[in-house]
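Reader: Hi! I'm in my first year and I'd love a close look at one part of this protein. Could you walk me through the salt bridges?

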Amino acid sequence: MSKQIVLTGITTTGTPHLGNYVGAIRPAIEASRDRDVQSFYFLADYHSLIKCQDPERVNQSSMEVAATWLALGLDTDNAIFYRQSDIHEIPELTWILTCMTAKGLMNRAHAYKAAVADNEAAETRDPDQGVTMGLFCYPILMAADILMFKAAKVPVGRDQIQHLEMARDIALRFNHHYGDLLVPPEAVVDEDTAVLTGLDGRKMSKSYNNTIPLFLPEKQLRKLIMKIKTDTSPPEAPKDPETSSLFSMYKAFADADAIAAMRQRYAQGIGWGEMKQILFETINAELTEPRRRYEALIADPAYVEATLKKGARRAREYSTPFLEEIRRATGICPLG
Ligand code: TRP
C-alpha cells in the first residue's frame, strides 16, 4: 500500500522565530520521522512574491528558511524537501485549476476581503487598491501545491483552514467535470501545539513585532529574554505559573520533571531575573547545536541548493507523470 501523503508549505517571508519553531517546525520535523507517512515540506517562494517584491529579501528568506529546517535535523532522505518554484508543474496546474475556480469563491477569501475592508475603512476610492491578482488568486496556487501531490492531510494553522476548504471545492469541481483524478485534502489543525508568547506577553508573531529570532547569537538571545515583560511582584512572592508568560515559554522547552519542579519554585516564590536566566539556559541548550549547524549551512549555500535540488527531483517523480494525466483529462495533449 502506498503511504499517506502529508504536505505543508512554509512561507518564506521573514526570519524564522521561536514561535515558528515551537508551533510548526519542531512538530513537523518530528512528524516526518513517522515511517507510515510520506512528508512533503516545501518553501512556498512563489507565495512570497505576493507580499515581498524585494529580490534580495526573497532570495535571502528562502535561504534562511531552508537552512533552518536542515539545521534542526530534517532528514531529507525521508521527507521530500523542496522549493515550490523548482516544480514547474505547479504553475501549470495552477492555471488549469484557475479555469475550474469560481471567481465568487475567491471573492470570499479572508486575505482578499481584509484588504478590501482596509480600503473601505480608509475611504479609498478603489476598494481593490493595492490588490494584485497574486493576492486574489493565492488560494488557487495553494490548491495546486496540495493537489499536485495528492496530499490527504495538510497540517496548518487555523488561519489556513479556509484555504483548505477552497482546495477541496476546487478539487471536487475538477473531479466532477473531468473525472476523479484529484484527492480532496483535509486540514489538520493540532490543538495541542504550543502557542508561544512573545516579548510583550501576546502571541509571538511577526505582525506584533514581538518575536525572538530562532538563531540569534547566544548573547543577543539572552538579552532579548531579559526584556520579556513581567509584573512588579517581588522575588519572594508566590507566583501563578498559569498566568506567567515566562512559565509558558519554559513549558515549550523543558521536560515534564523540570516543569513540575518549576511549578514548585513558582509556589515558593522565584525572582523574575532568576527565572529569565533559567529560561535562557533551557532554550539555549536546545538551540546551541542547531545554531552551529545553521551558521555552517548559511556559509555553504551550494550545499543548501544541492539539497533542495535533490528534493525537487524526488518531488517531480510524482508531479511530472501526474500533470501529464491531468493535462490529458483536460484535452491538453498531443494531437492525433
Ligand atoms: N499559505 C500557507 C501559509 O501562509 C503556506 C502554504 C503555501 C501552504 N502553500 C501551502 C501550506 C500548501 C499548506 C499547503 O502558512
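Author: Here is a walk through the salt bridges, with a short stop at a cavity at the end.

A word on the ground rules: this is a predicted model, where local features need pLDDT of at least 70 and side-chain atom pairs count only at pLDDT 80 or more, while totals for chains, interfaces and linings use all residues. Residues are numbered from 1 along each chain as its sequence is written, and side-chain values use heavy atoms, with hydrogens and water left out.

A salt bridge here is a side-chain nitrogen of Lys or Arg within 4 Å of a carboxyl oxygen of Asp or Glu. Count them up that way and you get 17 salt bridges.

Let's start with Glu 286 and Arg 26, whose closest N and O atoms sit 2.9 Å apart. Glu 286 belongs to helix α12 (residues 272-298) and Arg 26 to helix α1 (residues 18-31), so this pair ties together parts that are 260 residues apart in sequence. (Helices are DSSP runs of H or I with at least four residues, strands are runs of E with at least two, and both are numbered from the N terminus.) Glu 286 is partly exposed at 25% relative accessibility, and Arg 26 is partly exposed too, at 21%. For that label, buried means under 20% relative accessible area, exposed means over 50%, and partly exposed is in between, using a 1.4 Å probe and protein chains only.

Next up, Arg 327 meets Glu 92 in a salt bridge, at 2.7 Å from N to O. Arg 327 lies in helix α13 (residues 301-330) and Glu 92 in helix α4 (residues 89-98), so here the linked parts are 235 residues apart in sequence. Arg 327 is partly exposed at 26%, and Glu 92 is partly exposed at 34%.

Now for a network: salt bridges that share partners join Arg 83, Asp 86, Glu 305 and Lys 309. Within it, Arg 83 pairs with Asp 86, their closest N and O atoms being 2.9 Å apart. Arg 83 is buried, with a relative accessible area of 13%, and Asp 86 is buried at 13% as well.

Last, the cavity. Think of a set of points on a 1 Å grid over the protein atoms alone, where a 1.4 Å probe fits but cannot get out; lining residues have an atom within 4 Å of a point. The largest cavity is lined by residues including His 47, Lys 51 and Tyr 138, and helix α2 (residues 45-51) gives the largest share of that lining, four residues.

Terms used
1 Å grid on protein atoms, 1.4 Å probe; cavity = no way out; pocket = protein on both sides within 12 Å on 5 of 7 lines; lining within 4 Å.
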